[in-house]
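Reader: Could you walk me through one part of this model in detail? I'd like the contact between the two protein chains, with the cut-offs spelled out.

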2 protein chains.
Amino acid sequence: MSRKKARAALLQELEEAMRRSSAQGVLYGQTVANVAGIANSDLECMDILYLEGRVTAGRLAEVTGLTTGAITGVVDRLEKAGLVRRERDEKDRRKVFIAVVPDAAMKIGQFYVPMQQAMEKICNGYSDEELRLLLRFANEGYKGVLAATEALKGLLDTPPEKRPALKLKKLRR
Amino acid sequence: MSRKKARAALLQELEEAMRRSSAQGVLYGQTVANVAGIANSDLECMDILYLEGRVTAGRLAEVTGLTTGAITGVVDRLEKAGLVRRERDEKDRRKVFIAVVPDAAMKIGQFYVPMQQAMEKICNGYSDEELRLLLRFANEGYKGVLAATEALKGLLDTPPEKRPALKLKKLRR
DNA sequence: CTAAATCTCTTAGTGACTAAGATATATATC
DNA sequence: GATATATATCTTAGTCACTAAGAGATTTAG
């Protein structure tokens with residue numbers, strides 16, 4: 001096999017592996033929501049709140065891609081479950097900040113323990129330098145996927161007949 | 001900073017980076033479903049069909065975690081959209097295989113082009129050996145998350161008071 | 001002070017989902 | 001071979017999260 005072919009095969013294998021693991025990650029999230037007894041989007045919002053801290057309802061809508069109306073429902077449910085609190089911004093009284101109730105973060109956090117333990121065990125098999133490589137890749141991947149998402153959204157606003165033809169790779173099977 | 005602390009910080013940073021990129025991956029998928037004009041689960045099933053080839057309705061339910069009733073709906077919609085075909089198994093006439101209509105794979109596949117191009121560009125910055133490391137990690141990660149998912153599901157069948165207390169890491173913030 | 005903009009919430013309607021059971025086919029037991 | 005049990009998909013009724021549109025409250029611009 002030529003050097004070039006070997007690399008193409010490697011890239012394809014990597015893509016498939018990442019798709020598989022990412023799909024399983026989604027399933028893990030669904031299972032967490034299930035066990036925690038909350039809806040999927042509710043958990044996603046908890047996750048965002050955990051990563052970003054106290055954010056407005058509008059920002060949640062922006063990040064999740066849901067309408068503000070849907071977010072009202074999400075926050076209602078989370079508030080009723082005692083997981084978050086609404087806090088009106090005193091500077092701009094239109095805004096509503098959503099904040100995680102401290103103890104709640106742990107209640108939800110415990111369901112990520114099996115995952116964290118699994119990842120930790122796996123990471124033990126890698127040197128610091130290797131982990132830094134993985135970190136770099138994850139960061140670049142994030143930026144790449146973010147940009148790709150925007151590019152794709154751009155397609156939505158372009159009428160189909162005006163869309164630039166995308167160059168297709170040949171598909172397997 | 002001690003060697004140990006540096007590593008712990010690295011691990012945490014890696015975890016956060018992976019969560020972020022994985023969340024963005026989910027959003028990319030939602031956008032694809034949106035642009036393609038199909039439901040999220042429908043796209044997920046197309047993905048599975050693409051990875052696993054021709055599978056039964058029951059297997060789709062198993063892999064997605066949906067009920068068989070929901071899968072009936074998914075397949076109905078996908079069939080109506082001309083993306084898949086139902087094929088009765090002649091050996092066991094209870095079974096229904098779901099197969100992707102060949103051209104349809106490309107129709108959907110094109111929406112992954114922005115993502116693939118982004119990933120390819122990123123991968124160009126890595127040597128074969130580095131990509132092999134990433135592949136190994138992705139594969140191990142998949143297995144780890146799969147196992148963690150099962151562990152978590154196990155919790156569901158255990159009454160809460162009998163659940164083994166999970167050791168909690170201290171949470172940020 | 002008024003008009004426009006911004007932010008969240010409300011309402012009505014839609015659609016995908018679950019639970020339970022119906023239907024059809026296959027396998028095991030007598 | 002007939003009967004019972006198991007397996008695989010589909011159907012039905014009801015639920016719940018979502019969107020679209022617009023209302024209400026507050027801020028900013030003219």
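Author: Sure, let's start with the area: about 8,000 Å² is buried between chain A and chain B, and carbon and sulfur atoms give 69% of that. Buried area here is the accessible area (1.4 Å probe) that two parts lose on being put together, summed over both. Keep in mind that this is a predicted model, where local features need pLDDT of at least 70, side-chain atom pairs count only at pLDDT 80 or more, and totals for chains, interfaces and linings use all residues. Residues are numbered from 1 along each chain as its sequence is written, chains are lettered from A and ligands numbered from 1 in the order in which they are written, and side-chain values use heavy atoms, with hydrogens and water left out.

In residue terms, 76 residues of chain A are in contact with 76 of chain B, contact meaning heavy atoms within 4.5 Å. Between the chains there are four salt bridges (a side-chain nitrogen of Lys or Arg within 4 Å of a carboxyl oxygen of Asp or Glu). One of them pairs Arg7(A) with Asp128(B), with 2.6 Å between the closest N and O atoms.

On the chain A side, the helices that each supply at least two residues touching chain B include H1 (3–36), H2 (40–52) and H7 (128–157); helices are DSSP runs (H or I, at least four residues), numbered from the N terminus. Sorted by class, that side has 39 nonpolar, 17 polar and 20 charged residues. Here Ala, Val, Leu, Ile, Met, Phe, Trp, Tyr, Cys and Pro count as nonpolar, Asp, Glu, Lys and Arg as charged, and the others, Gly among them, as polar.
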